[in-house]
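Colleague: Could you take me through this model, beginning with the chain as a whole and then turning to individual residues?

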Amino acid sequence: MLYQIQTYGKQVLRTKTKKISEIDDDLRKIVANMFETMYAAEGIGLAAPQVDKSIRLFVIDLSPMDEEEGQRVYVNPQIIELGDEMDEYEEGCLSVPTVREIVTRPTSIRITYQDMSGEHFDEEIDGFLARVIQHEYDHLEKTLFIDHLSSLKKSLLKKTLKKIASGEIEVEASENFEL
Ligand code: NI
């Protein structure tokens, strides 16, 4: 089942997310639907608030850029360390259609999370996956990538954001690997 992707202006993107207490069939259904929704929109990452669910969950699949990659599910993730080194990358987001901006982020992170079997992981991650995880993790913390921009850049985006909030600009599948 395809979910409707929630876009800039929707309250759910600014709502605190709840820890997941049980990995059950309901959650498995949500995860399957999130992957389906993400693939339909040609995204590579999708967080639960983007499909109107205030829970600590996101999914990632980088296989369009790296054939050795596959489905990754992060339940109750916690970023516990950020590396010192930073880099820049032009990000996009399914919830902020048509907008792409350079965001500076740490190149490495340490994260704890559970997978769908409930197993706990504690991993150090760097490179592009670390970038995507930080973007999705932000969604769980009520943050959008545009919040990282300078006030000048934000003011230049004002009109576009208004159009997204009013529904004039809608989510469209693009080949830009949106997060
Ligand atoms: Ni996003």
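The questions and answers below go from the overall fold to four residues.

Modeller: This is a predicted model, in which local features need pLDDT of at least 70 and side-chain atom pairs count only at pLDDT 80 or more, whereas totals for chains, interfaces and linings use all residues. Residues are numbered from 1 along each chain as its sequence is written, and side-chain values use heavy atoms, with hydrogens and water left out.

Colleague: In what pattern do the helices and strands follow one another along the protein chain?

Modeller: Helices (H or I, at least four residues) and strands (E, at least two) are taken as DSSP runs and numbered from the N terminus. On that basis the protein chain has three helices and seven strands. Read along the sequence, the pattern is α-β-β-β-β-β-β-β-α-α.

Colleague: What is the radius of gyration of the protein chain?

Modeller: The radius is taken over C-alpha atoms, and the globule rule used for reference is 2.2 Å times the number of residues to the power 0.38. For 179 residues that rule gives 16 Å, and the value for the protein chain is close to it, so the chain is as compact as a globular protein of that length, with a radius of gyration of 15 Å.

Colleague: What share of the contacts between residues at least 6 apart in sequence joins residues at least 24 apart?

Modeller: A contact here means heavy atoms within 4.5 Å. Among the contacts in the protein chain between residues at least 6 apart in sequence, the share that joins residues at least 24 apart is 67%.

Colleague: Is S95 buried or exposed?

Modeller: Buried means under 20% relative accessible area, exposed over 50%, and partly exposed in between, with a 1.4 Å probe and protein chains only. S95 lies in the loop between β4 (86-92) and β5 (100-106), and, leaving aside neighbours within four places in sequence, S95 is in contact with I5, Q6, T7, Y8, L13, Q50 and I164. Because its relative accessible area is 0%, S95 counts as buried.

Colleague: Which backbone oxygen does the side chain of Q6 reach?

Modeller: Q6 is found in the segment before α1 (25-40) and is buried, with a relative accessible area of 11%. Beyond four places in sequence, Q6 touches several residues, among them P49, Q50 and S95. A polar contact is a pair of N or O atoms within 3.5 Å, where within protein one must be able to donate a hydrogen and the other to accept it, and residues adjacent in sequence count only if both atoms are side-chain atoms. At 3.3 Å, the side chain of Q6 reaches the backbone oxygen of Q4.

Colleague: With which side chain does the side chain of H139 make a polar contact?

Modeller: H139 has its place in helix α2 (residues 128-140) and is buried, with a relative accessible area of 2%. Its contacts, apart from neighbours within four places in sequence, are A47, P49, Q50, C93, L144 and L179. The polar contact, at 3.3 Å, is with the side chain of H135.

Colleague: How many Å apart in space are L62 and K142, C-alpha to C-alpha?

Modeller: L62 lies in the loop between β2 (57-61) and β3 (71-82) and is buried, with a relative accessible area of 5%. Apart from neighbours within four places in sequence, L62 is in contact with I44, E69, G70, F128, L129 and V132. L62 and K142 are 80 residues apart in sequence, and their C-alpha distance is 23 Å.
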